[in-house]
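Here are my notes from a pass through this model, as numbered points. Have a look at the structure first, then read on.

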Amino acid sequence: MSKKKNQSPVTSQTIGEGRVIRNTGSSYIVRLDSGEELQCRIKGNFRIKGIRTTNPVAVGDIVTVAKASDDADYITAISPRTNYIIRRASNLSKESHILASNLDLAILVATLREPVTTTTFIDRFLATAEAYSVSAALVLNKEDMWEDDDRELADALKNLYTSIGYPVFFVSATTGIGLNPLKEFISNKITLLVGNSGVGKSSLINALVPGTELRTGEISDIHHTGTHTTTFSEMIDLPGGGAVIDIPGVRGFGTIDFAPEEVGHFFPEIFRTSRDCRYSDCKHTGEPGCAVIPSVEEHYISESRYASYLSILEEASEEAGADKYRKPF
């Protein structure tokens, strides 16, 4: 008689529901409604039930937990997510990675130097937040390092993104500049913090939540980029209510599953202007009667935002073309 391989323990008793507050890669910490925290695993077949992500369970998920015959605790179900932030998984062009779910807010922590956060990265993050119904904001960290030209750039970025509708904060996690307005803004919210390695997310959380003492890293003198100090995703309670979700730093923000005809919807200023286009399916790439391109030329829509739109549109079109000719499995 042959042995069955990878047979999961049989669950015997449902414990209850809770929220995933930490993902270490091999296990998950779930905080039950009672406040008890359990270290849980997931069943082997749970990973392959039509889920195209590298992590079927994400921090923020509301899950059902059950005790198994081996006395271990297992996640057996995920409640429908109200929203989430997702990006293309590194080196896996057709798979995605869910950063966190069930969010009130997602904040991109950016820096103007050491390292430089590009507007392309900012716009890809904001477009993803729009696509998945998450309110977003921008924090420009390391204000204490700014010189005159940095401050001019920071003011320009703030004018640009606030005019679109995104709150922008200038802060220094090192000196405490600007922290009080940010604390008030995120109070009683579940907030995801996203950023390149080295932008100071861990330092910012240490400043927002005294006593956390997350490990911080140095900036590379050669590449002017940060090193990964956060190795897993974790929800950290705020003193006044709410929580922040810390995740490892990301180097790129690849979008995934964007339909080409929908990309403009995720740029609010382009979407508003597109109502004046002659054709409802205008892609804003040179079609007659397009209202968006003249708005770019007249600087009502920023050139950097339009360039970001075009780069995402190109990716979405390539992905749609590949899907059209891909053989079904």
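1. What is the relative accessible area of Arg41, and is Arg41 buried or partly exposed? The figure is 44%, so Arg41 counts as partly exposed. Keep in mind as you read that this is a predicted model.

2. Now for the partner of Arg41. The side chain of Arg41 meets that of Asp70 in a salt bridge, at 3.8 Å from N to O. Because Arg41 sits in strand S3 (residues 37–42) and Asp70 in the loop between strand S4 (62–68) and strand S5 (73–78), this pair ties together parts that are 29 residues apart in sequence. Asp70, with a relative accessible area of 36%, is partly exposed as well.

3. That pair has company: searching the whole structure turns up 14 salt bridges. One to look at is Glu234 with Arg22, where the closest N and O atoms are 2.7 Å apart. Here distant parts of the chain are linked, since Glu234 belongs to strand S12 (residues 233–237) and Arg22 to strand S1 (residues 11–23), 212 residues apart.

4. Why does Glu234 count as buried? Its relative accessibility is 17%, and the cut-off for buried is under 20%. Arg22, on the other hand, comes in at 30% relative accessibility and therefore counts as partly exposed.

5. Next, take a look at Glu319 and Arg88, which form a salt bridge with their closest N and O atoms 3.1 Å apart. Glu319 lies in helix H7 (residues 303–325) and Arg88 in strand S6 (residues 84–88), so parts 231 residues apart in sequence are tied together by this pair. Both Glu319 and Arg88 are buried. Elsewhere, Arg31, Glu37 and Asp237 are joined into one network by salt bridges that share partners.

6. On to the nonpolar side of things. How many residues does the largest nonpolar core have? There are 49, and Ile75, Ile85, Tyr161, Leu192, Val194 and Ile245 are those with the most contacts inside that core. A second core, separate from this one, has 22 residues, including Ala58, Phe258, Phe267 and Tyr306.

7. If you want one core residue to click on, try Ile85. Setting aside neighbours within four places in sequence, Ile85 is in contact with a run of residues that includes His97, Ile98, Leu99, Ala100, Leu103 and Ala106. Also among the contacts of Ile85 are Thr128, Ala129, Val134, Leu192 and Phe253. Leu192 is worth a second look, as it too is listed with the most contacts inside the largest core.

Conventions:
Residues numbered from 1 in each chain as written. Predicted model: local features only at pLDDT ≥ 70, side-chain atom pairs only at ≥ 80, totals over all residues. Heavy atoms only, no water. Core = buried A, V, L, I, M, F, W, Y, C linked by side-chain atoms within 4.5 Å. Buried < 20%, exposed > 50% of the residue type's maximum accessible area, 1.4 Å probe, protein only. Contact = heavy atoms within 4.5 Å. Salt bridge = Lys/Arg side-chain N within 4 Å of Asp/Glu carboxyl O. Helix = DSSP H or I, 4+ residues; strand = E, 2+ residues; numbered from the N terminus.
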